[in-house]
Amino acid sequence: MQDTSKQYDAVIETCRSLFIKKMSDYGSAWRILRLPSLTDQIFIKAQRIRSLQQNEVRKVDEDEVSEFIGIINYCIMALIQLEKGVVEQPDLSTDEATQLYDDKITLTKQLMLDKNHDYGEAWRDMRVSSLTDLILQKLLRVKQIEDNKGKTLVSEGIDANYQDMINYAVFAMIHLNNE
């Protein structure tokens, strides 16, 4: 499991680096996005990955990895929005946003380590396409919870679903990096 932790950190470092660069370019403009808007952005990325996996011809020169990075970063933004709420104007410096990013990843990685222990690294035997489908399923669940105004009777909340999507996307990137 030590390899998993190191591989996880390497994937997150790539995502984090891009997040920081985009914060430098755009600031925290994403802070105005409501949760359903972030969910839809993640959905677009996941649908594109599924299309890339199913279609032989690609008309845009981007691969699955860049889309998985987008899923991870948008999920982290969503987790930050859940905690801090939506604002009318960008309100976070790059340093503040990076600290929040790191806080969310620390919690999400710990969840991964706990589940990975209990499930015996079953994800290593999964296909990237299955991880993509699980992300899409989680997105449909999140959309339903959003439509229910955040209420669930017996299910995990939106935050747990975003964390699972991050972890599935990291697992997919580890698989893709090993190919």
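**Close-up 1. E121, in the loop between α4 and α5.** In this predicted model, E121 lies in the loop that runs between α4 (94–119) and α5 (128–147). Most residues other than glycine have a negative phi. E121 has a positive one, near 55 degrees, although E121 is not a glycine. Is E121 buried or exposed? Its relative accessibility is 18%, so E121 counts as buried, the cut-off being under 20%.

**Close-up 2. K149, in the loop between α5 and α6.** Let us move along the chain to the loop between α5 and α6 (158–178), where K149 is found. Here too a residue other than glycine has a positive phi, with a value near 60 degrees for K149. K149 is exposed, because its relative accessible area is 71%, and the cut-off for that word is over 50%.

**Close-up 3. F19 and Y101, a tilted ring pair.** How many aromatic pairs does the model hold? The count comes to three. A pair of aromatic rings is described by the distance of the centres and the angle of the planes. For F19 and Y101 the centres are 4.7 Å apart and the planes stand at 40 degrees, so this pair is tilted. The two rings come from distant parts of the chain: F19 belongs to helix α1 (residues 2–26) and Y101 to helix α4, with their positions 82 residues apart. Both F19 and Y101 are buried. Follow the ring pairs and you also meet W30, which is linked with F19 and Y101 into a cluster.

**Close-up 4. W123 and F171, a stacked ring pair.** The ring centres of W123 and F171 are 4.2 Å apart and their planes are at 5 degrees, so the pair is stacked. W123 sits in the loop between α4 and α5, while F171 is part of helix α6, so the pair ties together parts that are 48 residues apart in sequence. W123 and F171 are both buried.

**Close-up 5. K143 and the ring of F43.** Which ring does the charged end of K143 sit over? The ring is that of F43, and the charged end of K143 is 4.0 Å from its centre.

**Close-up 6. C15 and C75, two cysteines without a disulfide.** A disulfide is a covalent bond between the sulfur atoms of two cysteines. Searching the whole structure turns up zero disulfides. Why is C15 not bonded to C75? The closest cysteine sulfur to that of C15 is in C75, and at 11 Å this is too far for a bond; the cut-off is within 2.5 Å. Seen from the other side, C75 is in no disulfide either, and its nearest cysteine sulfur is that of C15. C15 is buried, with a relative accessible area of 0%, and C75 counts as buried at 0% as well.

**Close-up 7. The largest nonpolar core, and I72 within it.** This core has 48 residues, and those with the most contacts inside it are F68, I71, I72, I135, Y162 and I166. Which elements give two or more residues to this core? They are α1, α2 (35–54), α3 (64–84), α4, α5 and α6. The largest share, twelve residues, comes from α6. Zoom in on I72 to meet some of its partners: leaving aside residues up to four places away in sequence, I72 touches V11, I12, C15, Y101, I166, A169, V170 and M173. Two of these names are familiar from earlier views: C15, which is buried, and Y101, the ring paired with F19.

Notes
Residues numbered from 1 in each chain as written. Predicted model: local features only at pLDDT ≥ 70, side-chain atom pairs only at ≥ 80, totals over all residues. Heavy atoms only, no water. Helix = DSSP H or I, 4+ residues; strand = E, 2+ residues; numbered from the N terminus. Buried < 20%, exposed > 50% of the residue type's maximum accessible area, 1.4 Å probe, protein only. Phe/Tyr/Trp six-rings, centres within 6.5 Å; stacked < 30°, edge-to-face > 60°. Lys NZ or Arg CZ within 6 Å of the ring centre and 35° of its normal. Core = buried A, V, L, I, M, F, W, Y, C linked by side-chain atoms within 4.5 Å. Contact = heavy atoms within 4.5 Å.
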